[in-house]
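Good morning, and thank you for joining. I should like to walk through one model and a few of its local features.

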Amino acid sequence: SDQTYDYDVLVIGAGPGGYVAAIRAAQLGLRTACAESRETLGGTCLNVGCIPSKALLHASEYFEAAAGKTMARMGIKVTPELDLDTMQGQRKDAVKGLTGGIEFLFKKNKVTWLKNHASFVDAHTLKVGDETVTAKNIVIATGSSVTPLPGVEVDNEKGVVVDSTGALELSAVPKKMVVIGGGVIGLELGSVWRRLGAEVTVVEYLDQLLPGMDGDIRKEAGKIFKKQGMELKLKTKVTGVTVKGKKATLTVEPADGGDSETITADCVLVSIGRKPNTDGLGLDAIGLETNARGQIETDHSFRTKVDGVWAIGDVIPGPMLAHKAEDEGLAVAENIAGQTGIVNHDVIPSVVYTMPEFAGVGLTEEAAKEKGAVKVGKFPMLANSRAKTNHEPDGFVKVISDAETDRVLGVWMIASVAGTMIAQAAQAMEFGATSEDIAYTCHAHPTHSEALKEAAMAVQGKPIHI
Ligand code: FAD
Ligand code: NAI
């Protein structure tokens with residue numbers, strides 16, 4: 001290692017991208033530090049993202065199963081009582097446990113945590129709080145934060161107009177909640193509060209929910225969330241929100257123009273996307289520019305245009321997902337150590353953790369068709385013995401393969417455990433599988449995963465159970 005620098009690797013940000021990069025760099029024998037200004041490690045994902053949202057999704061799912069028909073249908077009659085403090089307590093415990101776990105891993109692997117905000121002095125020097133620290137390699141893993149909606153002021157403390165962080169921390173169930181943006185955050189957190197008793201309206205600018213997902217999935221998502229009791233206002237934009245005391249009034253109008261109307265709510269969740277964190281990082285000092293979307297561009301090894309400076313995770317192009325950031329974290333550390341770290345950006349699964357779950361990997365049918373002829377096989381969860389037995393009839397699995405080679409191009413699914421099932425599809429695609437390979441793989445019975453096998457058989461034209 002090069003002793004002219006304080007460290008071989010200095011990572012900025014300890015989210016899933018940064019903490020993984022730091023640990024792997026240390027494992028590879030590099031002297032590593034990680035600057036993180038937050039009180040706890042783990043970034044957005046562990047503190048205010050993936051983990052706390054899943055804690056509330058899991059708990060609220062049980063509540064709804066008890067309050068609604070799901071448990072009664074199986075002969076379990078209960079009248080649940082909501083203890084929101086305890087539910088929020090177990091969310092905080094989950095976060096505390098996991099962020100503490102990363103601190104333990106830093107110690108175990110001898111990664112130094114510099115507990116302060118970092119900014120560039122030059123390409124090998126950072127100002128971290130009052131300290132000046134040098135490193136041969138610097139990895140930018142600063143993540144992303146909420147995109148503000150012009151004219152709408154978020155105040156998480158007050159809890160009337162909130163972003164995802166505020167929506168995780170509500171201390172009472174709002175009577176009426178309006179979600180601005182029918183994407184992943186809006187649907188996950190909207191579902192949490194709907195299950196706990198809020199009346200939820202989702203206002204979405206586009207004509208369908210969940211942009212980026214396969215067309216069939218998006219259409220079905222609209223039907224499922226409506227059936228669950230969410231009101232959907234598609235092709236609608238919010239032009240303003242005013243707050244008086246504990247009430248908000250939203251002005252909305254059709255996306256392509258027309259008469260406006262007002263909606264009142266006790267809580268408004270702004271979830272219209274996230275933007276890369278580069279403010280206050282001093283990129284000017286090293287002559288590094290961001291692209292039109294505010295992202296830092298890199299090559300396939302995650303090198304930026306500036307020698308010795310690398311970038312990964314939400315701050316670079318690609319889906320803003322924790323597992324994408326983690327894999328880039330591994331790869332960047334391996335590249336810095338002189339190995340060959342690669343991320344296959346064509347095979348990154350995405351999951352919406354509602355009930356049922358929505359998941360996909362690879363190309364949508366629409367995108368695949370633009371590239372050439374495809375074969376498509378679909379299988380409904382209603383015809384899957386396990387899903388049917390478990391009273392989970394919603395959803396389907398869809399396999400898209402190349403018409404000529406049969407190589408799998410994309411897999412999309414809606415199922416209670418789609419987030420777990422999608423791993424198999426990702427693995428198959430990573431191995432260059434054909435739909436026939438999946439169709440002739442023995443799947444355990446009775447499992448939800450058999451629906452993937454049958455969808456692959458449907459590509460071949462011969463499923464058994466439909
Ligand atoms: P981040 O996790 O954002 O971490 C960046 C860290 O850098 C932060 O802790 C920040 O404090 C620190 N930092 C920034 N600038 C500086 C600086 N100059 N000096 C020092 N420190 C700095 N993704 C999934 O895959 N699955 C999910 O279920 C999921 N759920 C989500 C739910 C919500 C509500 C939200 C908001 C996001 C969710 N995401 C989910 C997205 C996921 O959180 C991000 O993709 C992921 O955290 C990105 O990792 P990252 O390491 O790039 O950045
Ligand atoms: P998103 O991009 O998923 O959805 C935003 C939605 O808001 C889009 O449907 C968009 O059309 C709509 N929109 C934009 N402007 C609008 C306006 N003015 N009025 C009405 N609608 C408008 O963004 P979201 O939900 O904020 O999540 C941010 C990111 O966080 C996601 O892209 C995802 O990468 C990550 N995330 C991932 C999760 C997961 O993997 N399960 C869970 C939560 C977040």
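Through how many residues does a hairpin join β18 to β19? The connection runs through four residues. Before going further, a word on conventions: this is a predicted model, in which local features need pLDDT of at least 70, side-chain atom pairs count only at pLDDT 80 or more, and totals for chains, interfaces and linings use all residues. Residues are numbered from 1 along each chain as its sequence is written, while chains are lettered from A and ligands numbered from 1 in the order in which they are written.

Helices (H or I, at least four residues) and strands (E, at least two) are DSSP runs, numbered from the N terminus. Two strands pair if DSSP finds at least two bridges between them. Strand β18, residues 350-352, runs antiparallel to β19, with three bridges joining the two. Within this pairing, V351 stands opposite A359 in β19. Strand β19 also pairs with β22, residues 408-415, in the antiparallel sense over six bridges; here E357 faces A415.

Is β19 mostly covered or mostly open? Strand β19, residues 357-362, is mostly covered, with six of its six residues buried. Buried means 20 or more other C-beta atoms within 10 Å of the residue's own, exposed means 12 or fewer, and partly exposed lies in between, with C-beta atoms placed from the backbone.

Strand β18 returns at ligand 2: together with α7 (184-195) and β12 (236-244), it is among the elements that each supply at least two residues of the surrounding shell. The shell comprises 27 residues, the closest being G181, G183, I185, Y205 and M320; a residue is near when its C-beta atom, placed from the backbone, lies within 6 Å. Helix α7 gives the most, with four residues.

Turning to the core, the largest nonpolar core has 137 residues, of which V139, V268 and M413 touch the most other members. Such a core is a set of buried Ala, Val, Leu, Ile, Met, Phe, Trp, Tyr and Cys residues joined through C-beta atoms within 7 Å.

Finally, two loop residues. The UniProt annotation "active site", from an unreviewed entry, covers H445; such annotations may be inferred rather than shown by experiment. H445 lies in the loop between α13 (435-439) and α14 (450-459), and is exposed because 10 other C-beta atoms lie within 10 Å. N390, in the loop between α11 (385-389) and β21 (396-402), counts as partly exposed because it has 16 C-beta neighbours inside 10 Å.
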